[in-house]
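The exercises below are meant to be worked with the coordinates open, and each is followed by a solution in steps.

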Amino acid sequence: AAVALIAYLLGRPESTKVGMVSSTTATSTPASVDVPLQFAGADGHQLSGDLLLPARTTHPVPGVVIVPDWGAVNRNGMAPVDALPDPLYGDLANLLASHGIASLRYDPAGQGQSTIPEGSTLKFSDLVGDVAAAVGILTQRIEVDRKQITVVGDGWGGLLALQLAAQDNMISRLVLVSTPGRPVIESLADELRADAVTPADGQSEVTQLQQAVSGLLAGGSLPDPSTLETPLRPILQSSQAGFLRSMFGLDPTALARAVHVPTLVVRGGGDPGINAQDGQLLVAALGPTSQLYLAGDASATLTLTTRTVVATPSATTTTTIAGVPASNSRGPSNVVVTVSRDEAALV
């Protein structure tokens with residue numbers, strides 16, 4: 001059923017149906033044609049991605065650029081080194097294709113198969129330029145209706161999308177998924193507190209984050225990684241100091257006030273880093289053409305987790321993401337954990 005996101009992109013009234021659907025694979029389906037792409041981004045960035053087109057179309061179709069979050073991500077979604085991948089972008093691309101919508105998703109600069117010039121550093125403006133390049137590629141395709149271009153920004157990618165939407169008249173709609181409306185340090189602090197083993201650990205991590213960011217915004221450098229709490233090390237990377245300085249200095253509501261296209265703000269109710277205030281701030285700044293969609297108890301990547309106690313204890317807990325089971329030694333041995341997308345948010 002076409003509910004929140006697809007209904008919004010196609011301009012249909014939103015259904016009230018809520019449910020779950022298992023994640024699809026992040027490759028082309030019989031209803032789609034996958035076109036691998038290599039294209040130039042900003043400041044020497046060489047980007048790699050996939051254009052997924054609906055099969056058997058007879059006229060130009062709406063197009064979507066999926067802007068990835070910051071961190072351990074690639075064109076398909078979250079790709080942490082020590083955990084299961086979470087292919088939100090691949091799932092979304094396949095669902096869009098099944099509803100007759102083309103999409104372009106790409107590895108962010110410096111990740112996956114996308115590269116940056118040796119010795120260069122990431123900058124906020126350049127990453128916005130990468131999104132602009134992706135939009136340009138999409139509008140050049142004869143299969144795509146250039147008057148129906150939507151940019152979907154995930155997490156911090158939503159801030160890149162906001163910046164571009166304020167200056168690029170090729171964008172007709174905007175979707176922000178799990179995007180902060182408060183300064184990003186506040187959402188990061190909430191996430192650190194939620195994920196910490198104890199409240200004391202969480203507060204220690206937040207204090208160190210605040211001190212590091214304060215020094216960075218004052219023109220200083222980031223602390224040596226060896227002095228940081230473990231959860232902060234992948235966040236506060238010295239090689240990305242310039243980019244982080246820009247991100248921590250941003251006011252998301254100021255970006256949103258400069259945007260004048262219809263915007264859907266999507267927030268998972270189970271996301272520890274993005275709360276009700278984030279969504280409310282963005283919608284208020286975006287104005288009357290924006291709307292907020294709350295995805296129940298879904299996570300930041302719009303997944304729902306169910307835990308089922310089985311009659312016969314197994315050797316390990318079993319976790320399934322995107323339909324692929326994987327062993328996880330944490331938790332009771334007679335519990336099966338299943339992670340699936342929130343249908344009401346994604347389809």
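**Exercise 1. Helix 2 and its surroundings**

How many of the residues of helix 2 (residues 88-98) are buried?

Solution. Before counting, note that this is a predicted model, in which local features need pLDDT of at least 70 and side-chain atom pairs count only at pLDDT 80 or more, while totals for chains, interfaces and linings use all residues. Residues are numbered from 1 along each chain as its sequence is written, and side-chain values use heavy atoms, with hydrogens and water left out.

Step 1. Fix the terms: helices (H or I, at least four residues) and strands (E, at least two) are DSSP runs numbered from the N terminus, and buried means under 20% relative accessible area, exposed over 50% and partly exposed in between, with a 1.4 Å probe and protein chains only.

Step 2. With these terms, 10 of the 11 residues of helix 2 are buried, and the helix is mostly covered. Among them are Leu 88, Tyr 89, Asp 91, Leu 92 and Asn 94.

Step 3. Continue past the end of the helix: just after helix 2, Gly 100 takes a positive phi of about 80°.

**Exercise 2. The aromatic cluster**

Which residues do ring pairs link into a cluster?

Solution. Step 1. Rings of Phe, Tyr and Trp (its six-membered ring) pair if their centres lie within 6.5 Å; planes under 30 degrees apart count as stacked, over 60 as edge-to-face and the rest as tilted. A search of the whole structure with this rule finds five aromatic pairs.

Step 2. Trp 70 and Trp 156 are a stacked pair, with 4.9 Å from centre to centre and 15° between the planes. This pair links distant parts of the chain, 86 residues apart, since Trp 70 is in the loop between strand 4 (61-67) and strand 5 (73-74) and Trp 156 in the loop between strand 8 (144-154) and helix 4 (157-165).

Step 3. Trp 156 also pairs with Phe 248, and because their planes stand at 80° with the centres 6.2 Å apart, this pair is edge-to-face. Phe 248 belongs to helix 7 (residues 241-248), so the pair ties together parts that are 92 residues apart in sequence.

Step 4. Trp 156 counts as buried because its relative accessibility is 9%, and Phe 248 counts as buried because its value is 5%. The cluster linked by ring pairs consists of Trp 70, Trp 156, Phe 243 and Phe 248.

**Exercise 3. Leu 302 and the largest cavity**

Which residues lie closest to the centre of the largest cavity?

Solution. Step 1. On a 1 Å grid over the protein atoms alone, a cavity is a set of points where a 1.4 Å probe fits but cannot get out, and lining residues have an atom within 4 Å of a point. Grid points are joined across faces, edges and corners, and a volume is the space filled by probe spheres set on the points.

Step 2. The count comes to one cavity of 30 Å³ or more, and about 70 Å³ of space lies in the largest cavity. Of the 10 residues that line the largest cavity, Leu 88, Leu 92, Val 152, Val 177 and Leu 302 are the closest to its centre.

Step 3. Helix 2 gives the largest share of this lining, three residues.

Step 4. Leu 302, in the loop between strand 11 (290-295) and strand 12 (303-309), has a positive phi of about 60° although it is not a glycine. Its relative accessibility is 4%, so Leu 302 counts as buried.

Note on methods
1 Å grid on protein atoms, 1.4 Å probe; cavity = no way out; pocket = protein on both sides within 12 Å on 5 of 7 lines; lining within 4 Å.
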